[in-house]
Amino acid sequence: MKPRECRARVEAVRRLSPEILEVDLRMEEPAALEFDAGQWVSVPFGPKTVRAYSIASTPQSPKVLTLCADVAPAGIGSEWFRGLEPGDQVRFKGPLGGFVFTRADPRCPLFVAEEIGIVPIRSMLTWLYATGFGRPATLAYWARDPDWLVYDAEFRSLVRRYPGFAYHPAVASTSDGPSDGASGLAAAVDRLVPDVTRRVAYVCGGESMIHRVRDVLVAKGLDRKSVKWEKFW
Ligand SMILES: Cc1cc2nc3c(=O)[nH]c(=O)nc-3n(C[C@H](O)[C@H](O)[C@H](O)COP(=O)(O)OP(=O)(O)OC[C@H]3O[C@@H](n4cnc5c(N)ncnc54)[C@H](O)[C@@H]3O)c2cc1C
């Protein structure tokens, strides 16, 4: 879909953890927004200032989009997100971005998320399993503590319903292992992926984590282009 200027109204705001908020936006113009799971919208704050927010919901509900933000960075985007209330009108451009799952790709996906980097991956996984994705998939998800593992219950529910789905959450505070996302996820990927044959990876979070995880996979023989990534910070 070509990106376009959009208008929507805040329908609900939920606090998923002390610093992570979710908002539902009912589309007004257009009345429904077609997008691919993993894409994002761009919220304007001035002529050259925008913040990107991935769509946490799935393409199956094009009339109400859910966004989810970590508001701890406390900059202009976080303050905007914190101030949203039901009834507010919001404007943004979308859908944008190429961090999307290629359904025709027969390889087994490995999803790797650092903290709020889970948002586009939550959309992809929910959409894939809701629409009959039969193949195995693995999710490695790291956060500083259990409060920051948003959507954890949903992934545990996917595990119960789909034997092919493997979920590996990890938090810094309860393990004696590495205490940052880059080290934690690089170690997890090293352990979870003994063999990169017929693998494709979707990695989202901070830049240093993306580099570390990609290095691990490339060292095992995966071609760089098979590591798809979205850098949030
Ligand atoms: C394609 C794309 C999709 C994105 N989707 C989301 C999303 O779904 N949810 C979301 O919360 N954010 C998302 N982001 C990040 C978002 O656009 C903002 O950068 C974020 O909300 C912080 O904006 P800010 O104005 O509050 O702080 P800024 O003033 O922009 O940032 C302050 C500092 O914090 C760093 N930072 C930003 N976010 C984080 C973080 N989560 N953890 C650690 N450091 C961080 C920045 O690099 C900067 O150094 C996305 C970014 C991109 C590029």
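Start by selecting residues 108–114 and 137–143 in this predicted model. The stretch 108–114 is strand 7 and the stretch 137–143 is strand 8; the two run parallel and are joined by 5 bridges. To see one matching pair, show valine 112, which has alanine 140 of strand 8 opposite it.

**Helices on the sheet**

Next, add residues 181–192. This is helix 4, which packs on the sheet and touches strand 7, strand 8, strand 9 and strand 10, the last of these at 199–205. Turn the view until helix 4 and strand 8 are both visible: the direction of helix 4 makes about 155 degrees with that of strand 8.

Now select residues 207–219 for helix 5. Helix 5 also packs on the sheet, where strand 7, strand 10 and strand 11 are the strands it touches. Its direction makes about 165 degrees with that of strand 10.

**The whole parallel sheet**

Which order do the strands of this sheet follow? Colour the 5 strands and read across: 9-8-7-10-11, an open sheet with parallel pairing. Then pick out strand 9 (165–171) and strand 11 (227–231). These two stand at the edges with a single partner strand each, so one side of each has no neighbour in the sheet. As you look across, neighbouring strands are turned by 10 degrees against each other on average, direction ignored.

**The antiparallel sheet**

Move on to the other sheet. Here 6 strands form an open sheet in the order 4-3-6-1-2-5, and the pairing is antiparallel. Where are its edges? Select 49–54 for strand 4 and 64–70 for strand 5: each has a single partner strand, so one side of each is left without a neighbour in the sheet. From one strand to the next, the twist of this sheet averages 40 degrees.

Zoom in on strand 1 (residues 4–17) and strand 2 (residues 20–29), which pair in the antiparallel sense over 9 bridges. A hairpin links strand 1 to strand 2 through 2 residues. Show the side chains of two pairs here: arginine 15 stands opposite leucine 21, and arginine 9 stands opposite arginine 26.

Strand 1 has another partner to visit, strand 6, at residues 89–96. The two run antiparallel and are joined by 6 bridges. For a landmark, select arginine 4 and its bridge partner in strand 6, glycine 94.

**Around the ligand**

Which residues come nearest to the ligand? Select Ala52, Gly75, Gly77, Ser78 and Trp233, the nearest of the 21 residues around the ligand. Two or more residues of this shell come from each of strand 4, strand 5 and helix 1, which spans 76–83. Strand 4 gives the most, with 4 residues. If you colour the shell by residue type, you will find 12 nonpolar, 5 polar and 4 charged residues.

**Step back**

Finally, zoom out to the whole protein. Its secondary structure comes to 5 helices and 11 strands. The radius of gyration is 17 Å, close to the 17 Å that the globule rule gives for 233 residues, so the protein is as compact as a globular protein of that length. Along the principal axes, the C-alpha atoms fill a box of roughly 50 × 40 × 35 Å.

How much of the protein is buried? Buried residues make up 39% of the 233. Contacts make a good last stop: among those between residues at least 6 apart in sequence, 72% join residues at least 24 apart.

Methods:
Residues are numbered from 1 along each chain as its sequence is written. This is a predicted model: local features need pLDDT of at least 70, side-chain atom pairs count only at pLDDT 80 or more; totals for chains, interfaces and linings use all residues. Two strands pair if DSSP finds at least two bridges between them. Axes are lines fitted to C-alpha atoms, for helices over the stretch in contact, and angles run from 0 to 180 degrees between N-to-C directions. The radius of gyration is taken over C-alpha atoms; the globule rule is 2.2 Å times the number of residues to the power 0.38. A residue is buried if 20 or more other C-beta atoms lie within 10 Å of its own, exposed if 12 or fewer, and partly exposed in between; C-beta atoms are placed from the backbone. Two residues are in contact if their C-beta atoms, placed from the backbone, lie within 7 Å. A residue is near a molecule or strand if its C-beta atom, placed from the backbone, lies within 6 Å of it. Ala, Val, Leu, Ile, Met, Phe, Trp, Tyr, Cys and Pro count as nonpolar, Asp, Glu, Lys and Arg as charged, and the others, Gly among them, as polar.
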